[in-house]
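Subject: Structure handover

Hello,

Here is the structure for you to look over. Please open it alongside this email.

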Amino acid sequence: MSEHPTPRSASRPLGSALRKTGSPFRRTGSGARKTGSPSWQTGTDDRQTGTTLRNAPFAARTERSGLRPALPVLALVAALTATAFTAPPAVPASAAENGTVTLTLRHLDRTGAPTDAYSTRVTGISGPGEDVRESPHDSSGTLTLRLPKGRYLLDSEVYPLHRGAGTDWLVQPRLDLERDTTVTLDPRTTSAVDVRPPETGAEPRHAMSFVEVSHGGRTRSVNLMSSAAGLRVAHLGPAAEPGSVTATFDAYWIGERSDYGLGYRFTSGRALTGFVRRPTAGDLATLKAAAADRDGAGGVGAAAIQPSEGTTVGLTSELLRPGTATFHVTPERGTWDLSYTTPGTPGTRPNLYEARDLPVRPGATTTHTFDNDVRGPSLDPAPGAPPALVRDGDRIALDLPLLADGEGHAPSDPVFRSAVTTLHRDGVPVGTRRGAPGRAAFTLTTPDRARYRLTATALHGTGTSAGRTTAVWTFDSAATAAPAALPLSVVRFTPPLALDGTAPAGTALRVPVAVQGPAAGADPAALRVRVSVDGGTTWSEAPVADGAVEIRNPAPGGTVSLRATLTDAAGNTLDQTLGNAYRTR
């Protein structure tokens with residue numbers, strides 16, 4: 001994979017990316033606030049009802065600070081929880097006779113005085129109160145709730161006395177209400193969260209703190225978005241059962257030429273009380289996002305990182321193409337996701353490319369190049385990924401990235417001039433579909449087993465970057481009682497290209513070749529590769545040896561087209577052509 005060094009000005013942080021059911025948001029607004037401003041974001045997660053910040057219906061990008069003003073975010077949380085910052089409803093006088101108890105909450109500031117600057121949530125976990133969601137407030141600092149008996153999760157954010165003083169977050173993962181109970185929420189019990197990168201001049205941005213608690217077959221969680229510096233936290237009350245509490249802290253810092261994602265995850269019976277980590281450069285892994293510029297248009301896109309697992313935020317940085325953004329991350333957080341969004345152009349929406357669940361280790365560098373050639377069909381290699389071709393009763397459906405980039409990343413909104421998919425049954429046309437490349441569905445009138453031929457074609461690019469991708473599959477199929485995968489294989493070509501999508505002219509180029517799908521384990525003799533350097537007028541054999549073919553590149557400004565045919569052990573076939581797969585310089 002090729003990369004161009006990117007000046008720091010070409011990779012400027014935009015803000016955070018909040019996970020929404022597995023997909024990162026891109027923040028698209030302004031309104032930065034300084035470190036220590038109160039309550040950037042809070043919320044709860046209920047896996048039974050789906051009430052969670054991960055479903056927040058917004059996308060906003062901030063300025064360099066990566067933080068949002070407090071009030072709009074708090075208003076959003078109020079809309080999500082439907083009870084935030086409202087007084088609890090009146091309780092009938094007979095409540096005590098119905099198995100309820102009194103919970104009294106006393107809120108103090110850092111001087112020990114009562115305060116009204118707080119945000120508190122009481123979330124039922126198990127027992128009669130498992131559906132309770134309360135976010136009460138009283139200006140006196142002391143409030144009383146009547147609640148059903150049971151296990152609860154309590155958390156409170158106490159705002160600072162003055163700007164820049166930081167935020168205090170207190171979490172009690174085990175609040176067993178069996179009798180009248182008083183809890184004092186005292187920020188003087190908190191300790192500092194001090195997590196920072198090895199680069200001395202790096203600047204703190206945003207952070208996400210998250211606590212998840214399981215009990216009685218139910219899981220509840222709370223989270224807090226704050227600055228990456230100035231946060232203090234404390235565990236309250238007795239420990240919960242061992243292994244029932246998961247706590248994560250993800251902080252982001254901006255360096256001179258690279259950025260940092262410092263995430264940590266713990267499983268125990270307690271929330272965190274303070275937390276200090278000072279990783280060295282050798283403790284961190286490096287993720288690089290290289291942005292191609294095949295048409296020479298330039299423009300500013302965005303690269304982003306975030307942990308793969310759990311409720312979290314990420315970091316988005318501007319990336320001038322062609323160029324490379326560099327992130328240093330903590331392996332302790334598990335796998336990470338890396339993404340790139342292309343610049344938008346008039347009449348063309350930005351494309352999002354993602355590389356998910358990347359394993360990282362200390363000292364190692366992983367580079368993904370996005371939006372480069374060779375474009376072609378690609379299958380999702382992730383375990384449990386849905387099949388690209390499915391038979392369900394009398395219906396055959398194709399959902400395949402036909403124009404994945406050179407490393408197999410699927411574009412969110414592929415750019416193409418036209419796309420056609422046709423299906424034949426025993427040589428007789430079934431139908432033709434036009435629209436998105438590699439996506440089509442056909443309803444069959446005959447359930448009997450037959451030989452099918454499926455053809456998908458897409459024209460993409462213009463001028464010297466114009467290309468044509470065609471894949472033809474043949475297979476046998478009959479009606480099914482339930483959805484069943486059909487045998488579909490593709491061939492991937494991955495030449496080492498520059499970020500403008502070109503290879504050196506007049507040289508011998510080794511081009512790796514890989515088969516994806518049921519034919520991946522087939523005899524190599526079943527795979528045939530041919531090459532054209534005249535736009536497909538004539539073709540030359542290119543023997544596959546050690547997983548690659550050798551191609552003699554044409555003169556500068558030329559193109560190379562690639563064709564692969566194969567047959568798997570069951571007699572299913574593929575004939576795939578990538579017209580003008582790459583150019584020479």
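Below are the findings, from strands to backbone to pockets. Please keep in mind that this is a predicted model.

**Open sheet**

Seven strands make an open sheet with mixed pairing. Their order is E6-E5-E8-E9-E14-E11-E17. At the edges sit E6 (133-134) and E17 (275-277), each of which pairs on one side only. Within this sheet, E5 (residues 118-126) and E8 (residues 150-158) run antiparallel, with 8 bridges between them. One register point to check: Val122 has Leu154 in E8 as its bridge partner.

**Around E26**

E26 covers residues 395-399. Strand E25 (residues 389-392) pairs with E26 in the antiparallel sense, over 4 bridges. The two strands form a hairpin, with 2 residues between them. Gly393 is in that turn and has a positive phi of about 65°. Asp392 faces Arg395 of E26 across the pair.

E26 also pairs with E29 (residues 439-443). That pairing is antiparallel too, with 5 bridges. Ala397 has Ala441 of E29 as its bridge partner.

Which side chains of E26 are buried? Ile396 and Leu398 are, and they point to one face. Arg395, Ala397 and Asp399 point to the other face and are not buried. In general, side chains of a regular strand alternate between the two faces of the sheet.

**A buried threonine**

Thr312 sits in the loop between E19 (300-307) and E20 (313-320). Its relative accessibility is 0%, so Thr312 counts as buried. The side chain of Thr312 makes a polar contact of 2.7 Å with the side chain of Asp250.

**Backbone points to check**

Most peptide bonds are trans, and most residues other than glycine have a negative phi. These sites are worth a look with that in mind:

- Arg321 and Pro322 are joined by a cis peptide bond, with omega about -5°. Pro322 is in the loop between E20 and E21 (323-329).
- The bond from Asp373 to Val374 is also cis, with omega near 10°. Val374 belongs to the loop between E24 (365-370) and E25.
- Asp426 is not a glycine, yet its phi is positive, at about 50°. Asp426 lies in the loop between E27 (418-425) and E28 (428-434). Asp426 counts as partly exposed because its relative accessibility is 47%.
- Asn580 has a positive phi near 55° and is likewise not a glycine. Asn580 is found in strand E40 (residues 573-584). With a relative accessible area of 28%, Asn580 is partly exposed.

**Pockets**

The largest pocket holds about 1400 Å³ of space. Its lining has 47 residues. Ser378, Asp380, Pro401, Gly408 and Ala410 lie nearest the centre of this pocket. Two elements, E23 (352-358) and E35 (508-516), give two or more residues to the lining. E23 gives the most, with 6 residues. By class, the lining of the largest pocket has 28 nonpolar, 10 polar and 9 charged residues.

The second largest pocket has a volume of about 520 Å³. It is lined by 23 residues. Nearest its centre are Arg294, Asp295, Thr348, Asp371 and Val415. The lining of the second largest pocket divides into 8 nonpolar, 8 polar and 7 charged residues.

Best regards

Key: Residues numbered from 1 in each chain as written. Predicted model: local features only at pLDDT ≥ 70, side-chain atom pairs only at ≥ 80, totals over all residues. Heavy atoms only, no water. Buried < 20%, exposed > 50% of the residue type's maximum accessible area, 1.4 Å probe, protein only. Polar contact = N/O pair within 3.5 Å; in protein donor to acceptor, adjacent residues only side chain to side chain. Pairing = 2+ DSSP bridges. 1 Å grid on protein atoms, 1.4 Å probe; cavity = no way out; pocket = protein on both sides within 12 Å on 5 of 7 lines; lining within 4 Å. Points joined across faces, edges and corners; volume = space filled by probe spheres on them. Nonpolar A, V, L, I, M, F, W, Y, C, P; charged D, E, K, R; others polar.
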